[in-house]
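Q: I have a protein model to look through and would like to talk it over. Could we go step by step?
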Amino acid sequence: MEESRHDGTRHPALDYHEFPKPGKLEIRATKPLANGRDLARAYSPGVAEACLEIKADPATASRYTARGNLVAVVTNGTAVLGLGNIGALASKPVMEGKAVLFKKFANIDCFDIELNEPDPVKLAEIVCALEPTFGAINLEDIKAPDCFIVEKLCRERMNIPVFHDDQHGTAIVVGAAATNALHVAGKRFDEIKIVSTGGGAAGIACLNMLLKLGVKRENVWLCDIHGLVHEGREIDMNPQKAAYAQKSDKRTLDEVIDGADMFLGLSGPGVLKAEMVARMAANPIIFALANPTPEILPDEVRAVAPGAIIATGRSDFPNQVNNVLCFPFIFRGALDVGATQINDAMQLACIEGIAALARATTSAEAAAAYRGEKLSFGAEYLIPKPFDPRLIGVVASAVARAAMETGVATRPIPDLNAYREKLNGSVFKSALLMRPVFEAARQHTRRIIFAEGEDERVLRAANAMLEETTDKPILIGRPEVIARRAERAGLPIRPDVDFEIVNPENDARYRDYWGSYHELMARRGVTPDLARAILRTNTTAIGAIAVHRGDADSLICGTFGQYLWHLKYVTEVLGRDGLAPHGALSLMIMEDGPLFIADTQVNALPTPAQIAQTVLGAVRHAKRFGVTPKVALCSHSNFGNLDSDSGQRMRAAMQILDSEPRGFAYEGEMSIDAALDPDLRARIFPDARLQAAANVLIFAYSDAANAARNILRMKAGGLEVGPILMGMGNKAHIVTPSITARGLLNVSAIAGTPVAHYG
C-alpha cells in the first residue's frame, strides 16, 4: 500500500472512485415510470399480481423479479486482497469493483454486502437468510479457515449456488493455466511433482483442483510460513492443510524443491530463490501468484531456466492468473439454468473451456485490447486475456451443459447452440443481426478479394472467414509480409496454403491485369506505362481488375485512404453493364435496435432520382437483415414548412417513390427528431403514413448522413456494419479506416451473398 502512495497512482485511483459521483455502482430502473399507469403496475395495486404468482409458484420469481440475474458479493473484510483484515467498511471499494466486473463481463447485476461479523457460523447464518433476494452468492475475502466453514454451512443450507471465488475461482484459472502449461511442456498431471507455498484458502483449493485433474496426492509438497506441512506437525494446522501432510523428515522449501516439475506460489514475495529453480526439473512450470510482488520475478527464473513456463498474478507479465477469466462466466451459466449449486463438473467444464480457448486462434477484439502483445498459444500465452469476448460464449455454455448433465439445473436450456449464440450476441453486438446474412452466405462459396491484404485486421478477418463461412479469401500483398504478420498475430493461416495471394511485386497474371486495365481505360488518358504503374502500386485497382476478369467475385477495400479515392477505381473498372454506385448504407446497431443511414459517402448532393434509388437499395438491405424497413426522408424541413434545397429535393424524391406502389412504409420530408419520435411527428403532421419510429434514415447531403453515422458510432455506442456500397451488384464494398476485424468479417459476409439473395 505504501508503494502505491509514492508511485503516482494513489491520487488518480482516489479520483477514479470519487468522481463524477462517489463509488462505482448505481441502480437504474428497467421499466418505465412515466405516468400513473406505470406507477399502478410497478407498485400498488399491480405489484400484488406478481407477488401472488410467486407465492403460488416460487420458481416464477425468476420471471417477475431480477432475482434470476442477481448475485450478492459478501465479505466480512477479514482477508482483503493483500491488505489483510481491514474490516468490512474498508473492503467496500473492492466489493463494488467485483460487482462492476460481474456487470461488465457477464451482464450480471450484483449487490455488494459487507458484514461486521467475524464469527464464521453467525456469518453463514446471515448469508443463508439472504436466499430470497439472490440467485447466487459470491463469498469474497474471508480469511482461512473461516471461509471453509462459511462456505460449507451455506452450501448445505441454501438451494442456490454459493461460490467462494478466492478458493474456487483461483483454482479454476490455475487449473486452466496448468492444463496448457503441461500441454506445452509435454507432461501429464499424473506424473508431475508439485511444490506449493501458501496454505490459505486459495492455495488449498488449487491443490484440491489439481488432484481432480489427475495429480497424485503423494506428489504434492505443501509449505507455508512454518515450513513443510508434514505428519505430526501441530503448529498452525487445520484439516484442510492436514490432508496434504507428507510423511517426511524434510522441513523446508529448499529441501523439497529438488526435481519439482511445478512450483505453485500463493504466499509472499521472494519466497522462491533462483538457486532453487535451478534444482527443479528441466523446463519447470513456475506459477508465482503472490501480489503485488510474486514469489520470484520472471527474469530471475529465466536467468537460471530459460525454458521455464511462467505465470504470475500481475497484468504486466504474460500469463496473468486472474479470477475474472472465471467467475463472471461460471455464474452466468449457473444463473441461466437456475442451478442449485456450482459442482465439480461445472468447475471442470469451466477449466476446459478456458484452456481450449487459449489454444484456439486469438480474437481480434482481444488483440485490439492488448495491442503489442503476442497472443499466440505457447509458453507466454497459456490462458486467454480477460477482455477476450469469446469467454462468455465458450465458458458459460460449457458450465450450463455440465449443470444440466449433472442434474442441478432447474431451468434446463433446450438448445445450447442457440444459447451460445445469444451469449455471443451480448458481446458481439452485430452477431444476432448478422445471423441471416451469414446463413445466406454459407449457402454459397464466393471468392472475396481484399485490397489491403497486409493489414492485420484483414488477416484476422480472413482467418475468421475460413473458420465461420464457406467463402474463400484472396489477399493482395507481399507473401513474406503477410506470413510474418500472420505469425506475429498468432494466426495459423499461411499464404498460398490457406488462401490465395496476389503479389503486386511478382504475379504471373500481371501482364494480363495491366492489359485489361489499359483496355478499359485507354480512352480515358491511361497509357500502357501508366497502366503498368497503377497495376504495380494500386491494390484497389488490382482487386477491381481481378473481379472484372472473373478471378474473384467481390472486392473489399478502404481500410486506409479516402473513400472517394477508392470509389474512383471501383467505378472505372466495375461500373459498366448497368452498374453504378447509388449510395453507401451504414447499419448502426444501437441499444434499442438497428438504424440504417444513407447515403454516407457516395453522392455529396444527391438528385431526387438518386435519393429514390438510395431508398430502394436501403430497403432491400434492411430486409436482408430481417428488419421491416420504415423509411424517413430527412431534411431540415418538416412536411413543406421550409422551402429549402433539401426539402425541395426530398419532396421530388417522394413523388418518384409515389409513382408506383411500394411494399414498404416511407414518409418525408421531415427532421430527424420527427423521424425517430412518432408522437412529435403526429403533432406536426397527424396524417403521416409512417406511424412507428423510422429505422431507415435517408439524408439530403452525404455530409449530414456521415456526421450522423459518426456521432452515433463515437458518442452513442453504435456499432457500424458497413458501409455497404449499393448499386454495384455486390462486386465491391468500400469500408472506412476505422473498421475493425469483425467489421471486415461482417462486410465479407455481405459480399459473400449472391445478388439474387438481396431482395
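**Strand S6 and its surroundings**

Q: How do S5 and S6 pair, parallel or antiparallel?
A: Strand S5 (residues 194-197) and strand S6 pair in the parallel sense over 4 bridges. Two strands pair if DSSP finds at least two bridges between them; helices (H or I, at least four residues) and strands (E, at least two) are DSSP runs, numbered from the N terminus. The model is predicted: local features need pLDDT of at least 70, side-chain atom pairs count only at pLDDT 80 or more, and totals for chains, interfaces and linings use all residues. Residues are numbered from 1 along each chain as its sequence is written, and side-chain values use heavy atoms, with hydrogens and water left out.

Q: Which residue is the bridge partner of Ile194 in S6?
A: The partner of Ile194 is Val220.

Q: What do S5, H10 and S6 make?
A: Together with helix H10 (residues 201-212), the two strands make a right-handed β-α-β unit. Right-handed means that, with the strands pointing away from the viewer, the path from the first strand over the helix to the second runs clockwise.

Q: Which way do the residues of S6 point?
A: Val220, Leu222 and Asp224 point one way, while Trp221 and Cys223 point the other way. In S6 (residues 220-224), 5 of the 5 residues are buried, meaning under 20% relative accessible area (exposed is over 50%, partly exposed in between; 1.4 Å probe, protein chains only).

Q: And how does S6 pair with S7?
A: S6 and strand S7 (residues 227-228) pair in the antiparallel sense over 2 bridges. They form a hairpin with 2 residues between them, and the bridge partner of Cys223 in S7 is Leu228.

Q: Changing topic: what is the order of the open sheet of 5 strands?
A: The order is S13-S12-S11-S14-S21, with parallel pairing. Its edge strands are S13 (500-502) and S21 (732-734), each of which pairs on one side only.

Q: How many bridges join S11 to S12?
A: S11 (residues 447-450) and S12 (residues 472-476) run parallel and are joined by 4 bridges. One partnership there links Arg447 with Lys472 of S12.

Q: Finally, what about the whole protein?
A: The protein has 32 helices and 21 strands. Of its 759 residues, 53% count as buried. The C-alpha trace spans about 95 × 75 × 50 Å along its principal axes.
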